[in-house]
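Me: Could you show me how to read a few features of a protein model? I would like the general idea and then the case at hand.

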Amino acid sequence: MSTLRIDVNSDSGESFGSWTMGDDAAMMQTVSSANIACGFHAGDPSVARATVRAARENGVTIGAHVSYPDLAGFGRRFMDMTATELTDAVIYQVGALEAVARVEGAEVRYCKPHGGLYNAIVHHDVQAAAVAQALHELGDLPILCLPNSAVAREAQALGVPVFYEAFADRGYTPEGTLVSRREAGAVIHDPQAVAERVVRMAVEREVVAVDGSVVPLQADSICVHGDTPGAVAIAQQVREALEGAGADVRAFA
């Protein structure tokens, strides 16, 4: 039996009305966890319900993909929210997705912040504490986040389970953070290159940064972005590469 267990997740449910992003139906046949948008950066009630249903039908674990209230900016911009505002916003979003999941016979098992919020709580202590507080008040709902981040420390201090994430198709800085999408090398599009990186992440626990240095890496889950061009093909190649390396691809939550 394999001793290497790893999750493959994707951001999902990010379509809105008649506007479509990604191929959630195809992605659900490959990933083991789905981070489903809760309406603040993307998604709407009908999209959320259809995505939850697809996840349940494919045995995919559901996470709440919470964000700043920034629909126009796709949640990628920093917002200077107070701790109370942010805690309440996270609780509100998780609650909405939990209601949808309940009527579909499913359950929200973890939370993964999105975009600008995800990046902010790597180093923004006040907002990191606010997110951790929300998850603590929600019954210690587990969080998926970057290693060595402020939110990981705040969550652990409150007893919130923490799982670490690596990104299959994103560039890394020498400090182990993600390269800004405004900079060259932020997103990797070649499926073969992505698959080779992922195996190294999972097996050797390291990644090559944009400057060529090797950065140690902890990862319970590998993210393949659903909005990346060719995302489904990349996800399929990632999973095949991981299983070929002896990994047991299974949800962490």
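Reply: Happy to; we will take helices, the core, salt bridges and aromatic pairs in turn. This is a predicted model, in which local features need pLDDT of at least 70 and side-chain atom pairs count only at pLDDT 80 or more, while totals for chains, interfaces and linings use all residues. Residues are numbered from 1 along each chain as its sequence is written, and side-chain values use heavy atoms, with hydrogens and water left out.

Me: Let me start with a helix. Which residues of H8 are buried?

Reply: The general idea comes first. An α-helix has 3.6 residues a turn, so residues three or four places apart point the same way. Helices here are DSSP runs (H or I, at least four residues) and strands are E runs of at least two, numbered from the N terminus. Buried means under 20% relative accessible area, exposed over 50% and partly exposed in between, with a 1.4 Å probe and protein chains only. In H8 the buried residues are Ala231, Val232, Ile234, Ala235, Val238 and Leu242. Seen down the axis of H8, these fall within an arc of 160°, so they line one face of the helix; the arc is taken from the directions from the helix axis to the C-beta atoms. Glu240 and Gly244, on the other side of H8, are exposed.

Me: What do the buried residues of H8 pack against?

Reply: Their partners are strand E1 (4–12), helix H1 (24–27), helix H7 (191–204) and E10, where contact means heavy atoms within 4.5 Å. Leucine 242 is a good example: leaving aside neighbours within four places in sequence, it is in contact with Ile6, Val8, Val198, Val199, Ala202, Ala247 and Val249.

Me: Which residues have the most contacts inside the largest nonpolar core?

Reply: A nonpolar core is a set of buried Ala, Val, Leu, Ile, Met, Phe, Trp, Tyr and Cys residues joined through side-chain atoms within 4.5 Å. The largest one has 78 residues, and Leu97, Val131, Ile143, Val238 and Leu242 have the most contacts inside it. Helix H3 (residues 83–103) gives the largest share of this core, 7 residues.

Me: On to charges. How many salt bridges does the structure hold?

Reply: Side chains of opposite charge can pair when their charged atoms come close. The cut-off for a salt bridge is a side-chain nitrogen of Lys or Arg within 4 Å of a carboxyl oxygen of Asp or Glu. The structure holds 10 of them. In one, lysine 112 meets aspartate 11, with the closest N and O atoms 3.2 Å apart. This pair links distant parts of the chain, 101 residues apart. Lysine 112 is buried at 2% relative accessibility, and aspartate 11 is buried at 7%.

Me: Where do arginine 239 and glutamate 243 lie?

Reply: Both are in helix H8, 4 residues apart, about one turn of the helix. Their side chains meet in a salt bridge (3.1 Å, N to O). Arginine 239 is partly exposed at 22%, as is glutamate 243 at 41%.

Me: Last one: what angle lies between the planes of phenylalanine 163 and phenylalanine 252?

Reply: Rings of Phe, Tyr and Trp (its six-membered ring) pair if their centres lie within 6.5 Å; planes under 30 degrees apart count as stacked, over 60 as edge-to-face and the rest as tilted. A search of the whole structure finds 5 aromatic pairs. Phenylalanine 163 and phenylalanine 252 are a tilted pair, 4.8 Å centre to centre with 45° between the planes. Tyr110 joins Phe163 and Phe252 in one aromatic cluster.
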